[in-house]
Amino acid sequence: MQHFPRWHVLFVMLKNYLKVAFRNLWKNKGFSFINIAGLAIGMASAILILLWMQNEISYDDFHAKRDRIYEVWNRATFSGALHCWNTTPKVLAAAMQRDLPEVEHTVRADWAGNHLLSLGEKRLMIRGQAVDSDFLDVFSFPMIEGDMRTALNDGHSIVLTQKLAKSLFGNQDAMGKIIKIDDKGNYQVTGVLRDLPNNTRFDFQYLVPWTFVRREGNDDPWWGNNSTRTYVLLKPNTTVASINQKMLTYKLRYDSSEKHWEMFLYPMSRWRLYSRFEGQAETGGRIVFVRLFGIVAAFILLIACINFMNLSTARSEKRAKEVGIRKVVGAPRSGLVGQFIGESVLLSFLAALLAIGIVLISLPGFNDLTSKHLFVPFGSVWFWAGAVVFILFTGLLAGSYPAFFLASFQPVKVLKGTFKAANALVTPRKVLVVLQFTFAIILIICTIIVKQQIDHARDRESGYDQGNLIFHMLSGDLSKNYELVRQDLLRSGAAVAVCKTSAPLTQNWSDTWGYVWTGKDPNDKTDFLNFCADRGLVATTGLQLAEGRDFDPDAYPTDSSGIILNESAVKAMHFKKPIGQIITDDTIRYHVIGVVRDFIIESPYSPIRPMVVKGTHGGWFQTMHIRLNSKNLIQDNLKKAQAIFKRYNPDYPFEYHFIDEDYSAKFDDEKRTGTLAGLFAALTVFISCLGLFGLATYMAENRVKEIGVRKVLGASITGIATLLSKDFLKLVLVSFVIAAPVAWLAMYKWLQDYDYRVKIQWWVFALAAGLSVGIAIITVSFQAVRAALANPAKSLRSE
């Protein structure tokens, strides 16, 4: 007798298993397609979500000294509540470097804003940051050219990103070249950085030394001005707990007026995902969405695997004789389990190939939706290792139950023909269908409520007229030529009103608790939004006056020290008659000339905070608002405005922004959440329906003779279709009963993050139930009606 090596036996057995697997796939092409398509869509969805999660989790993890980098945060009580925030006094960095031996470096990063970079005829408005000279030593932004330790030492040096260097210099070497920034002076290129990755909190295309802030007149020695971010690199082996103990009372060394003001260091590893506080407690942040997306990915993949399980077990009778014969000829149960799991892994591999194709096709759209630049890292060994694990895991998850189920058949019953699949009240297959639709219905309900919340906030009265209103930054010569620009805009007919302000009407750039008024409680720490405006604020923006009047220095010269309050500020100051009241800010005395109705400047989901709008005395101005003439076409108005801006500010581009578009951007995060929830809900429903369609098809095949007999005995098509569909509809209704309370609880908790929120209404659940039942009916009824319409003579011929 010839003896073959063990490896040869294993090879032949594996070859045989593959042949059987491919024959089964080809023989049952319809079921194979449903299995592979469902699994591929589930895997593609999971891969996209995992790419997004990896991007979020890996934020700023490329910095070599990441474990020793911290950000300084403040903690203090205002308006009766404890607040935490991450802007600090500009003088803090130097003080900490001097006072605390545990600190290796302190660096500041201040938003330098959009400035005009000029090189010959090239002029670009580019966002940059002003930083301390040790910034590139603390943070590991890869430098292509230059020395990171000395690149920012000179007060007139500038470090560019690779993209900006190419925009300015093309293929020429940028090092040593001179760039002009605004009219503030010439800066020499001393370094070129690789373009910033898409998963960093920093957003700049150039870096300039901190002296730039000083030249702009924005540096100050005040401990009460929290306007910049301060980063700390601790020395090795320093415990953050020891230095945080010192930081609790650190500000009192320099500002004894703030008795209950604390500072603390917050680690870099938690900036992106956890920097949300309620009181002193860290209460999450984006990590909530990361976990939620992880759960969604797991469930979508699970639903795809459930399809495989259901279809495999539903077709069990087709393979029962194969299992019986294999057992009779001596196949062990472990061998059968291995065979069926192997088939599952093969199917998983084929689905993975299709899933990669789906991912590559859908990735550009997914990037637009999530505002990211995700990509599939084909060049990474870790990606391929993860792909193998992912395929094996999916194959094992999908194939384990069917493998053990099929391998458990008793050969005697199978070969005698007495084997029959169980039709119990509760079976694993029914449980799996219920689980599928439970998750789908949860997502449907969540999608509806998220959309309701967005619409609820969007319908909230903004408090001003957004139509035909634009704003433009006071860049270059616009500040000194503002009055000439204003007059020309009005004379040209392009605008009906113009006003300059400290910030766009849709953005809060400043707040303070330092206002003093008659009757103020010494312990009152109410935080007021701080805004500045000149003549025509109400006329330009469409704010609604409740009392008093608009700024009008021509008729009332003292309006330069006038103040307009919103209604919330009147309540906070407890004014019964606000007009004429005196309010002091530092040494400047202001008088109230008007009250406007509350308007939304921050989040439309939050309560409106008290706000003070100061006149030109002591104010600062960075923006101008223009009310375009509604009698003209918008394009004509903008064309006239552009010509006027070019006349008075020739070196700078005309970069305007519509207020309504800026306001609409406040809903972007929620709209993105709603769109993703809707997308995942649709995918989940689609995958579930694929499985439902497959089960309905197999059910119709198995009951073909029963249907024939019923038709011969006079059963109607409607009656037969109802008979075949009702079992599935029962499962969908059970799914709804489970899903409804889970969805309500999830949405109730989500809505608690919004002060201005919608109420969860009963009709949302009724709509979700109707949709899920309707989708199930459409999916199942096609096969049910088709089976009912079949000629009974054909199905009963063999009888």
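How many salt bridges does the structure hold? The structure holds 33 salt bridges, a salt bridge being a side-chain nitrogen of Lys or Arg within 4 Å of a carboxyl oxygen of Asp or Glu. The model is predicted, with local features needing pLDDT of at least 70 and side-chain atom pairs counting only at pLDDT 80 or more, while totals for chains, interfaces and linings use all residues. Residues are numbered from 1 along each chain as its sequence is written, and side-chain values use heavy atoms, with hydrogens and water left out.

**View 1. An open sheet of 4 strands with antiparallel pairing.** The strands follow the order 16-25-15-26, where strands (E, at least two residues) and helices (H or I, at least four) are DSSP runs numbered from the N terminus, and two strands pair if DSSP finds at least two bridges between them. Strand 16 (495-501) and strand 26 (656-658) stand at the edges with a single partner strand each, so one side of each is left without a neighbour in the sheet. Neighbouring strands are turned by 25° against each other on average, direction ignored; axes here are lines fitted to C-alpha atoms, for helices over the stretch in contact, and angles run from 0 to 180 degrees between N-to-C directions. Strand 16 pairs with strand 25 (residues 623-628) in the antiparallel sense over 6 bridges, and Val498 stands opposite Ile626 in strand 25.

**View 2. Helix 15 and helix 18 on the sheet.** Helix 15 (residues 482-492) packs on the sheet and touches strand 16 and strand 25, its direction making about 160° with that of strand 16; contact means heavy atoms within 4.5 Å. Helix 18 (residues 634-648) also packs on the sheet, touching strand 15 (469-473), strand 25 and strand 26, and its direction makes about 140° with that of strand 25.

**View 3. Salt bridges of Asp488 with Arg491 and Arg647.** In the pair of Arg491 and Asp488, the closest N and O atoms are 2.6 Å apart, and because these residues are 3 apart in helix 15, about one helical turn separates them. Asp488 is buried at 9% relative accessibility, whereas Arg491 is exposed at 61%; buried means under 20% relative accessible area, exposed over 50% and partly exposed in between, with a 1.4 Å probe and protein chains only. The side chain of Asp488 also meets that of Arg647 in a salt bridge (2.7 Å, N to O). Asp488 lies in helix 15 and Arg647 in helix 18, so this pair ties together parts that are 159 residues apart in sequence.

**View 4. The salt bridge between Arg276 and Asp753.** The closest N and O atoms of this pair are 2.8 Å apart. Arg276 lies in the loop between helix 8 (271-274) and strand 13 (277-278), and Asp753 in the loop between helix 22 (717-751) and helix 23, so that the pair links distant parts of the chain, 477 residues apart. Arg276 is partly exposed at 29% relative accessibility, and Asp753 is partly exposed at 42%.

**View 5. The surroundings of Thr370 in helix 11 (residues 333-370).** Thr370 is buried, with a relative accessible area of 7%. Leaving aside residues up to four places away in sequence, Thr370 touches Trp52, Arg672 and Leu676.
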